[in-house]
Amino acid sequence: MIDAWFTGFGLLYPSALYLFVIPPLLVIAYLVRERPRQIVVSSVIAFRALQVVRGKRFGGRPHLNITFLVELLILCLAVLALAAPYRLRNRNLTTLIIDNSAAMQARISSGQSRFAAARQQVAEAIGSNANEIEVYVTSPEPHRIGTFTSTGEVMAALGHVSATDAPDDPVAIAGLFSELLGKRQFQKILFVSYRPVTVPSSAGVQSIVVGAPISNYAIGSFVVTRETLGAGEVHGRVTVANFSRSPRQLDVIITADGKLAGRAGGQVAPGRTAVLDFPNLIGAKVYKAQLEPTDSFALDNVAYATGPAISSVSILFVSPTPADGATLRSIPGVAVTTISPADYVPTQLPLADLAIFEYAVPKQFPDLSSLLILPPAGDPIFHFLLRPASDLQITAWPQTDPLTAGVNFRLLNLRQGAYFGLHSWMRPVVGGSQGALILTGERQGHRFVATGFNPLPYLGRKNLPMSILTLNLLSYLAALGEQATSFRTGERWIIPAGVKEVVLPTGGREAVQPSQPFSSTYTQGIYTLIGSGSASVLRAVNLASLPTSDLEDVAPLRIEPALEVSRSREIVTISLTPHLLGAIMTLLALEALLVYRRSERY
Amino acid sequence: MLGLPEQFTPDFIARLEQLRIKTRREYAGLGKGSHLSPRRGSSLEFTDFRPYALGDDFRYIDWGLYGRTDKLYIKLFKEEEDLLTYIFIDASGSMGFPAIDSKLEAARAFALAVAYVALAAGDRVMVRVLGGKNGMPGSAFVYGRHRIGELAHQLSSLTPSGEVDLAPALARELVSIRRAGKVFLISDFLAMISSVERALGLFTAANMDVSAVQILGATELEGHGLQGDVEVVDSESGERLRVVLGPRERERYRQTLSRLSDEIRNFCLRAGLRYVLYKTNQDFHAFFLNAATELGLVH
């Protein structure tokens, strides 16, 4: 493909040079058919004394015509541009991978953060030989931020980068190394991180470790749960870790909506974790756990949690037999609104925490977690396949599922009902002899449970397993006992149904679409999910990564020997066509100027 | 006013009123006027004696001479007549180029200014146009200052056209002119010097008092817009010359035009003719009044 023109240059389409036959033809045409500009003058008497051009005939002496020469030059350049000339250059590519994960926020002895120190060391490490510097950062996931041609540009670009609250992902970083090493296009890879890298020396990877191992105390997790229906108080649980070489008294202070709610502490051995319980925290929207003493890595000394979504459960009971709902009112913390299926309208759903459809299904997909008791066959919304039976037999149930926890199904004596066939998106939880008896699934951020029997008439002391099962169903649908701090920095969410906007802890706002992944989770704090109207849900996002908090014993990043490659210096082609086109445009402008000046009327 | 060009402001007309044409010779006119005529007449200008003849007016007998010679002689005086003024305007094609210079406009203004001076002084004026089309004045003399408007109207639609060879064209005009007088020839004189000399020589041979007015355009003199490889086309003959004009050529072109004007001027000086050169970028009022003497006009 490449025919060397002379050293360092070449033509992509050398056959285009045959077009250079055109300029001589143009010159011949010019000599034959050249017609100068005509000017009518009062008399030619004064011009007779001037030297008259003898080039009117072919073979006459051609005279200098700057316009023609410009056009000839433009044509030559155009022909050359068609040949696509290029220049060969050795690519001296330096790849810089700078760690901006949460651990780089830790402060070193000088008082500055590890990331700030890393930026300072980058300029010296790049050196002056690199003519192309490709810069990657590692958080929230390894990605390239640009390719630059000088150290100054790199520093300017890094000036806009900061360390995130998200932990690094050694697997993803190793994957980036694999990709880069596989390309063989670099002169060297510069990895600047708090984490050392072990790689074969021939791979051309230079590791710069920023910051020495330091002692650190961290909050590993912070969970607030409401364990029973109707309870006004919640239970907090904090995991603390001591990543130092000596035992340490670690205290945690809990504030609820800014008010002091609890304090607990304990002695934690080196390298160990401890759990601190706060059994009677007051109800609040936002809880904050602060670890004492503080240390040089402040991020993991704080954790957030949100209060359980609901303290009492409001149930919309839709049934042709309203008397069945009476038993629900006997449960503490449960309020029941009973309507018939004919009176049900979807706008009533937002007023409740969950809905129960007995012998009925909604006319459109409910925007609320719902329990469907013996739904009618052939409904157009859920498309249940039902097989009625007069004597239901339970044959299988999981032991650890929240729906079946504590329920002794052997004691259940179910009579008539229906078995479910296979469902497209709901999974069987409790199985019977001829099919599933309880199905569950999640859609559009809501939970749905369908039962092939009716548990409500048996609620009460007379049928304890059925009562436990009913409470399990309600707790599951009302999301009681959920971990409120299960979200970590750097992890993506799926946006729940109805949410249109997310307010970040930094105050920034992002418009979102339900069911779409949300990845701007690299800041620790409280995120507000705003739906239609004024409805909003708080979501706490924490670092919650003890491996990241372990700054005393940092695991090195290992690049497998299989990835060892021999580097080869890449030769890149730099097209000269843009320069030629620029020259052509300049010459066209010059010609236009010449023509304009000549067009001044005599 | 009276259809005169815009140059004829009231102030300028008032200045023209104070001028009159002065010739280097005495010409016979067609009626009473203010110019001495070669005819014997009743002016105060004495010219000769002749012996008394029966019937002569006794008032013209020179009694002093009779006392000295004892013979009766009659004193003869010159007649004062009007001046026959001929104005020739070159309206050939060359007067239309370069169009930006408006050479014919200047020639028309010059002709009307001279005509007004003559008419205001009681002289007779005949305007003749060489070449051109439209606006050809009649072949008769006009008399009286009120006729200036008529002349202006006739010349207003005159447009440059055609090829005019001065010598033959003027020779034809002279055939139709029976009486000598003052001639104003207004042209760009862009012809071979020999042709110009022959043309002007015709008038001197016919005992005319000639004032030659050469009008050249400022753009034409400087050669503005002439640059590069051009083919110049003669506006009259259509002759084509291909030249390459650079700064050096333009300078030679200017020198050639200047030399042409100098040769015409020198010829006029040698032949006793009056000559002025008007460049169209000059102020018409100032130029005309300042050049009045050179044109043969006096206060």
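Colleague: Let's start with chain B. What share of its 299 residues is buried?

Modeller: Bear in mind that this is a predicted model. A residue goes into that group if 20 or more other C-beta atoms lie within 10 Å of its own. On that basis, the buried share of the 299 residues in chain B comes to 41%.

Colleague: And chain A, what percentage of its 602 residues counts as buried?

Modeller: Chain A has eight helices and 36 strands, while chain B has ten helices and twelve strands. With the cut-off used for chain B, the buried part of the 602 residues in chain A is 34%.

Colleague: Which strand of chain B has the highest confidence?

Modeller: Chain B averages a pLDDT of 88, and 97% of its residues score at least 70. The low end is β2(B), residues 32-51, with a mean of 76. At the high end, with 95, is strand β11(B), residues 274-279.

Colleague: What about the complex: what ipTM does the predictor give it?

Modeller: Two scores come with the complex. The pTM is 0.48, and the ipTM is 0.83.

Colleague: Now the contact between the chains. Which element supplies the largest share of the side of chain B that touches chain A?

Modeller: Chain B puts 30 residues into the contact and chain A puts in 24. On the chain B side, β9 (228-234), β10 (240-245) and α8 (247-271) each bring at least two residues. The largest share, seven residues, is from β9(B).

Colleague: By class, how many residues on that side of chain B are nonpolar?

Modeller: Sorted by class, the side of chain B that touches chain A has nine charged residues and six polar ones. The nonpolar residues there number 15.

Colleague: Which residue of β9(B) is the bridge partner of A:Arg37?

Modeller: Strand β3 of chain A, residues 37-41, pairs with β9(B) across the two chains. That pairing is parallel and runs over five bridges. In β9(B), the partner of A:Arg37 is B:Val230.

Colleague: Staying in chain B, which strands stand at the edges of the six-stranded sheet?

Modeller: That sheet is open and mixed, in the order β6-β5-β4-β7-β8-β11. Inside it, β4(B) (84-90) and β7(B) (182-187) pair in the parallel sense over five bridges, with B:Tyr86 matched to B:Val183. An edge strand has a single partner, so one of its sides has no neighbour in the sheet. The two in that position are β6 (142-143) and β11 of chain B.

Colleague: Chain A has an open sheet of three strands. By how many degrees are neighbouring strands of this sheet turned against each other on average?

Modeller: The order is β11-β12-β15 in chain A, and the pairing is antiparallel. β11 (216-225) and β15 (273-281) stand at the edges, so each has one side without a neighbour in the sheet. β12(A) (234-243) pairs with β15(A) over seven bridges, one of them matching A:Arg237 with A:Asp277. Direction ignored, neighbouring strands are turned on average by 20°.

Colleague: How far apart are the end C-alpha atoms of helix α3(A)?

Modeller: α3(A) covers residues 114-126, which is 13 residues. At 1.5 Å a residue the helix should span 18 Å, so the model can be checked against that figure. The two agree, because the end C-alpha atoms are apart by 18 Å.

Colleague: What covers the buried residues of α3(A)?

Modeller: The buried residues of α3(A) include A:Phe115, A:Ala118, A:Val122 and A:Ile126. Just after the helix comes A:Gly127, with a positive phi near 80°. Among the elements covering the buried residues are β5 (93-98), β6 (132-137), α4 (151-158) and β8 (188-193) of chain A.

Colleague: One more: in β27(A), which residue is the bridge partner of A:Leu372?

Modeller: A:Leu372 sits in β21(A) (370-373), where it points one way along with A:Ser370, while A:Leu371 and A:Ile373 point the other way, and all are buried. β21(A) pairs in the parallel sense over four bridges with β20(A) (354-358), where A:Ala355 is matched to A:Ser370. It also pairs with β27(A) (446-451), again parallel and over four bridges. There, the partner of A:Leu372 is A:Ala450.

Key:
Residues numbered from 1 in each chain as written. Chains lettered and ligands numbered in written order. Predicted model: local features only at pLDDT ≥ 70, side-chain atom pairs only at ≥ 80, totals over all residues. Contact = placed C-beta atoms within 7 Å. Nonpolar A, V, L, I, M, F, W, Y, C, P; charged D, E, K, R; others polar. Pairing = 2+ DSSP bridges. Buried ≥ 20, exposed ≤ 12 C-beta atoms within 10 Å, placed from the backbone. pLDDT = per-residue confidence, 0-100. Axes fitted to C-alpha atoms, helices over the stretch in contact; angles between N-to-C directions. Expected span 1.5 Å × (residues − 1).
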